[in-house]
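Work through the following exercises with the sequence and the model side by side. Try each task before reading its solution.

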Amino acid sequence: MAYTVPKLKDFSAKALDKAAAKLLSALEDETKAVASEGDWKEFRDRWMGRKNGVLTQINVLWLKAAPKDEKKQVGQRVNELNKQVEAKVDTALQRAQGGASEAKLAAERVDITLPGNVRPLGAEHPIIKTMNEIVSVFRNLGYSVEEGPEIETDYYNFEALNFPPNHPARDTQDTIFIANQESKATRDRLLLRTHTSPVQIRAMERTKPPIRIVVPGKVHRNDAADATHSPVFHQVEGLAVDTNITFSDLKGTLDHAMKALFGSSVKTRFYPSFFPFTEPSADVQISCLFCGGKGYRDGGRCPNCKASGWIELLGCGMVDPNVYGFADYDAKKVSGFAFGMGVERIAILKYGVDDIQMFYHGDVRFLEQFR
Ligand code: DAH
């Protein structure tokens, strides 16, 4: 029941003690119930309101009502109670305000034990992943990385690589030319590069021998898209020029690289070939990954290597002396090798992908398998 200020008949110290104790215990209880600023205003008015607050009432019912010779004693009591009530009202306000912001905080606080918002993490595209892997094999051998423009001049893409104008080898690398360049000399005409080999010349123009570089990048051909062809694909080119570099350095380097990429049991074989910018030239074949080089599996011919036991993977050769002429290297003093490999082709073999187009469709179900 709510506290009401009693009239006093007995003004003895003992009676006053009792009355004061009751009042203070009511004050304590009501202070505890103050939870908001609204509560506090009511509380303040109940205890300190001028007209009918508890303090006004004790002033009337206790002090004024006290007989003359008790007034002093009662007055001291009432003063004390005044101070105690004021102090309680003050602290109740602080609590009410603090309590309110605490309640707000509790509502706004982040619960760090809840699971976070899951944002699906992307993954490296299998082509980029494979390209980085190839590059890192050569970085570990001390090669540095070079890049060149995708829109290239006829000079760097063909002429300086020893494809003279009208040379039939150009037919193997048909591409898209930028329109309306008839007024330019052939060598200055712009085209979408057909291979990363032009960066060989660009790098040799900038750097004196020795040079050891790999060149990852995107290339373009006038090829219709099918399961093994794409008009846009990727290559990694390599070039090493120094004094006394021989064909066995080329063989050792590429044999190491193929083992690093496909596993140490893979064998390599160098098969005579032709590229205008290397002499001699070779195609590198690796032992078939699907039949272990046997040529047959599952009781029949291995379809992956067409029963030969070998898979053709990349082109290479000793840099043709004519190429050094375009780069201002002295062909009598230096020698070196070059190679170029298709990234998609390597990724297809590494991951057993049966259609090159899968790499370009952007189908998440395909891509997330390479995480
Ligand atoms: N550029 C050639 C191509 O796209 C690949 C190649 C072959 C690059 C032999 C080389 C090389 O550097 O020596 O078919």
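**Exercise 1.** Why is there no bond between the sulfur of Cys305 and the closest cysteine sulfur?

*Solution.* Begin with the kind of model: it is predicted, so that local features need pLDDT of at least 70 and side-chain atom pairs count only at pLDDT 80 or more, while totals for chains, interfaces and linings use all residues. Residues are numbered from 1 along each chain as its sequence is written, and side-chain values use heavy atoms, with hydrogens and water left out. Next, recall that a disulfide is a covalent bond between the sulfur atoms of two cysteines; here it is taken as a pair of cysteine sulfur atoms within 2.5 Å. The cysteine sulfur closest to that of Cys305 belongs to Cys302 and lies 3.7 Å away, which is too far for a bond. Cys316 is in no disulfide either, since its nearest cysteine sulfur, in Cys288, is 20 Å away. A search of the whole structure finds zero disulfides. Finally, consider accessibility, where buried means under 20% relative accessible area, exposed over 50%, and partly exposed in between (1.4 Å probe, protein chains only). Cys305 is buried at 4% relative accessibility, and Cys316 is buried at 2%.

**Exercise 2.** Find the buried residues of helix H1 and say where they lie around its axis.

*Solution.* Helices (H or I, at least four residues) and strands (E, at least two) are DSSP runs, numbered from the N terminus. Helix H1 covers residues 13-32, which makes 20 residues, and its first and last C-alpha atoms are 28 Å apart. This is close to the expected 28 Å, a span defined as 1.5 Å times one less than the number of residues. The buried residues of H1 are Ala15, Leu16, Ala19, Ala20, Leu23, Ala26, Leu27 and Thr31. Seen down the axis, they fall within an arc of 140° (taken from the directions from the helix axis to the C-beta atoms), so they line one face of the helix. On the face of H1 turned away from that buried side are the exposed residues Lys14, Lys18, Lys22 and Lys32.

**Exercise 3.** Describe the surroundings of Gln285, starting from its strand.

*Solution.* Gln285 belongs to strand S7, residues 278-287, and is buried at 7% relative accessibility. Its side chain makes a polar contact of 2.8 Å with the side chain of Arg269; such a contact is a pair of N or O atoms within 3.5 Å, where, within protein, one must be able to donate a hydrogen and the other to accept it, and residues adjacent in sequence count only if both atoms are side-chain atoms. Contact in general means heavy atoms within 4.5 Å. Leaving aside neighbours within four places in sequence, the residues in contact with Gln285 include Lys267, Tyr271, Trp310 and Leu313.

**Exercise 4.** Which peptide bonds leading to Pro210 and Pro280 are cis, and what is the phi of Asn244?

*Solution.* Most residues other than glycine have a negative phi, and most peptide bonds are trans. The bond from Pro209 to Pro210 is cis, with omega near 0°, and Pro210 lies in the loop between helix H7 (198-206) and strand S4 (211-220). The bond from Glu279 to Pro280 is also cis, with omega near -5°, and Pro280 is in strand S7. Asn244, although not a glycine, has a positive phi of about 65°, and is exposed at 67% relative accessible area.
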